[in-house]
Amino acid sequence: MIRSISEPAREVPVVHETEVLVIGSGPGGLAAALASARAGVKTTLVERYGCFGGNITQVGVEGFAWYRHPATIDSEGIGREFEDRAREMGAALPEPQSISHALDAEAFKYVADCLVTEAGVIPMLHRMFVAPIMEGDCITGVIVESKAGREAILAKLVIDASGDADLAHRAGAPTHMHPKAEMMSVSVMFSMCGVEKRRFIDAVKADPQTYADWAKDGEWSVTTSGKEDEMFSPFLRKPFQQAHKAGLLPDSLKTIAGTWGTVSDQGDLTYLNMVHMTLDGTDPDDLTQGEIEGRRQAMQAIEALRRFQPGCESAKLRNFGMTLGIRDTRKIDAAYNLTAADVQGEARFEDSIGIFPEFIDGYGLLIIPTTGRYFHVPYRAMLPKQVKNLIVTGRTIGGDKVSHAAVRNMMCCAVAGQGAGAAAAIAIKSGSDFKSVDIVRVQAELRRQGARID
């Protein structure tokens with residue numbers, strides 16, 4: 001039985017009032033705030049860490065559009081702007097397996113600062129959402145905690161881009177979450193320095209790996225559509241297999257394997273996605289153990305690379321991501337829940353707020369968009385039930401497992417986020433709420449902002 005205490009009632013100061021409030025600044029939240037502010041309404045962006053960017057800057061996931069190939073019909077709008085702006089500002093490098101650029105996780109912190117400042121978004125860093133402010137079933141703001149203590153922020157409309165549907169869940173909207181054993185794995189991202197680029201690349205070219213190799217000689221089960229099987233992937237497993245044979249890695253760590261992102265002329269090997277664990281990203285005890293265990297495994301992975309990957313002999317850790325990379329927690333029960341048939345069947349919706357190519361990565365399924373197929377992202381998939389004045393964007397939008405393996409990807413989160421932000425702005429201007437906003441006007445605003453919706 002869990003013991004409890006009673007907190008005394010207290011007055012919470014209202015430190016800020018805004019028209020649109022965005023909680024969380026990952027690709028979805030950042031895009032939402034930019035879209036709302038660019039549409040001309042007062043927009044505030046709340047973030048618990050000291051930088052914007054979420055999975056990009058805080059976790060270190062630099063491969064923003066690694067799925068893009070010559071025949072891919074890709075998303076447009078703010079998500080593509082992230083990549084283009086980073087490249088223009090020297091914060092990106094060519095991505096090795098696609099025709100995209102990988103974002104520099106550290107430099108993108110400054111890129112995001114510039115985007116937020118230029119759009120006129122009101123930034124509120126170092127504040128963590130802790131509770132909704134409710135009037136019946138209507139959300140009117142949030143309570144945050146910071147070094148300044150407990151504070152209230154009031155808003156006419158709120159966008160939940162927390163990544164875990166924290167706000168929707170605590171406001172009483174129906175959400176669901178798979179059992180931990182069925183969730184997609186959690187990663188510790190890390191980078192190395194001191195890599196001899198030419199020797200590393202020569203070794204990769206001498207033994208090129210493909211997407212089919214993800215499922216060979218390991219503990220992963222990956223199914224492709226077949227067309228991916230001969231395509232190059234920056235995948236490393238053999239150094240870790242050699243480390244197991246040499247007794248450097250224990251049998252319990254046969255899951256260590258994965259992809260690398262870029263290798264710079266200066267010898268930085270970045271976006272190493274090698275460590276995968278099963279845990280619940282909404283459980284702080286799981287997160288605590290995952291952070292500690294993940295860093296331990298990453299250091300073991302680095303030693304294996306030093307011993308068995310040419311070019312890494314003198315390399316060392318450059319940095320860990322600021323926090324764990326969570327792929328899968330809560331999803332809302334939305335007005336419309338996407339299905340596997342939607343994301344694999346080129347679904348078309350009248351309330352589309354953007355497109356995303358047929359890229360599916362998760363739950364043992366991998367499909368790379370090389371044939372020009374894409375699906376619509378419907379506005380209704382972001383509308384939670386039972387709570388007014390709230391929309392949910394990013395990877396927590398309504399859907400099943402396979403659809404989540406598509407919409408969880410960062411570019412699609414930006415697509416959904418831009419749609420949410422544009423809808424918020426139009427709702428404010430028209431005096432409506434998220435459920436009654438004129439979707440035709442929202443789509444017109446999205447087109448004005450450079451998004452593709454059909």
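**Group meeting: a walk through the model**

Okay, let's start with a small sheet: three strands, E11, E19 and E18 in that order, making an open sheet with mixed pairing. At the edges sit strand E11, residues 223-224, and strand E18, residues 360-362, and each of those pairs on one side only. Before I go on, keep in mind that this is a predicted model.

So how do E11 and E19 run relative to each other, parallel or antiparallel? They run parallel, with two bridges joining E11 to E19, which covers residues 365-367. If you want a residue pair to click on, take threonine 224, whose bridge partner in E19 is leucine 366.

Next, strand E7, residues 138-146. Is this one mostly buried or exposed? Seven of its nine residues are buried, so the rest of the structure largely encloses it. E7 has a hairpin to show you with each of two strands. With strand E6, residues 128-135, the pairing is antiparallel over seven bridges. Phenylalanine 129, for instance, has valine 144 in E7 as its bridge partner. Two residues lie between E6 and E7 in that hairpin, and glycine 136 in the turn has a positive phi of about 65 degrees.

Now the other hairpin. E7 also pairs with strand E8, residues 149-160, again in the antiparallel sense, and here there are six bridges. Valine 142 is matched with isoleucine 153 in E8. This hairpin has two residues between its strands as well. And as a general reminder while you rotate the view, side chains in a regular strand alternate between the two faces of the sheet.

While we're in that part of the chain, have a look at glutamate 145 and arginine 150. Their side chains meet in a salt bridge, 2.8 Å from N to O. Glutamate 145 is partly exposed, at 28% relative accessibility, and arginine 150 is partly exposed too, at 25%.

That brings me to salt bridges more broadly. How many does the structure hold? The count is 33. I'll pick out a few others. Lysine 216 bridges to aspartate 213, with the closest N and O atoms 3.5 Å apart. What I like here is the setting of the two partners: lysine 216 is partly exposed at 44% relative accessible area, while aspartate 213, at 13%, counts as buried. The cut-off for buried is under 20%, so aspartate 213 falls on that side of the line.

Then there's a pair within a helix. Arginine 296 and glutamate 293 form a salt bridge at 2.6 Å, N to O. Both are in helix H8, residues 284-308, and they sit three residues apart, about one turn of the helix. Arginine 296 is partly exposed at 42%, and glutamate 293 is partly exposed at 25%. And if you prefer something beyond a pair, Glu346, Arg348, Glu358 and Arg373 are linked in a network of salt bridges.

On to helices. H11 runs from residue 410 to 430, which is 21 residues. What span does H11 reach from its first C-alpha to its last? It comes to 30 Å, close to the 30 Å expected at 1.5 Å a residue. H11 is mostly covered, too, with 19 of its 21 residues buried. Just after H11, glycine 431 takes a positive phi, about 70 degrees.

A bit further along is helix H12, residues 439-448, where we find arginine 441. Arginine 441 is partly exposed, with 38% relative accessible area. For a sense of scale, its C-alpha is 55 Å from that of serine 252, and the two are 189 residues apart along the chain.

Last stop: cavities. The count is three cavities of 30 Å³ or more, and the largest has a volume of about 90 Å³. Which residues are closest to its centre? Of the 16 that line the largest cavity, those are Val59, Gly60, Ala105, Asn319 and Gly321. The elements giving two or more residues to that lining are helix H2 (55-59), strand E10 (186-193) and strand E15 (316-320). By character, the lining divides into seven nonpolar, six polar and three charged residues.

That's my tour. Happy to pull up any of these on screen.

How values were computed:
Residues numbered from 1 in each chain as written. Predicted model: local features only at pLDDT ≥ 70, side-chain atom pairs only at ≥ 80, totals over all residues. Heavy atoms only, no water. 1 Å grid on protein atoms, 1.4 Å probe; cavity = no way out; pocket = protein on both sides within 12 Å on 5 of 7 lines; lining within 4 Å. Points joined across faces, edges and corners; volume = space filled by probe spheres on them. Helix = DSSP H or I, 4+ residues; strand = E, 2+ residues; numbered from the N terminus. Nonpolar A, V, L, I, M, F, W, Y, C, P; charged D, E, K, R; others polar. Salt bridge = Lys/Arg side-chain N within 4 Å of Asp/Glu carboxyl O. Buried < 20%, exposed > 50% of the residue type's maximum accessible area, 1.4 Å probe, protein only. Expected span 1.5 Å × (residues − 1). Pairing = 2+ DSSP bridges.
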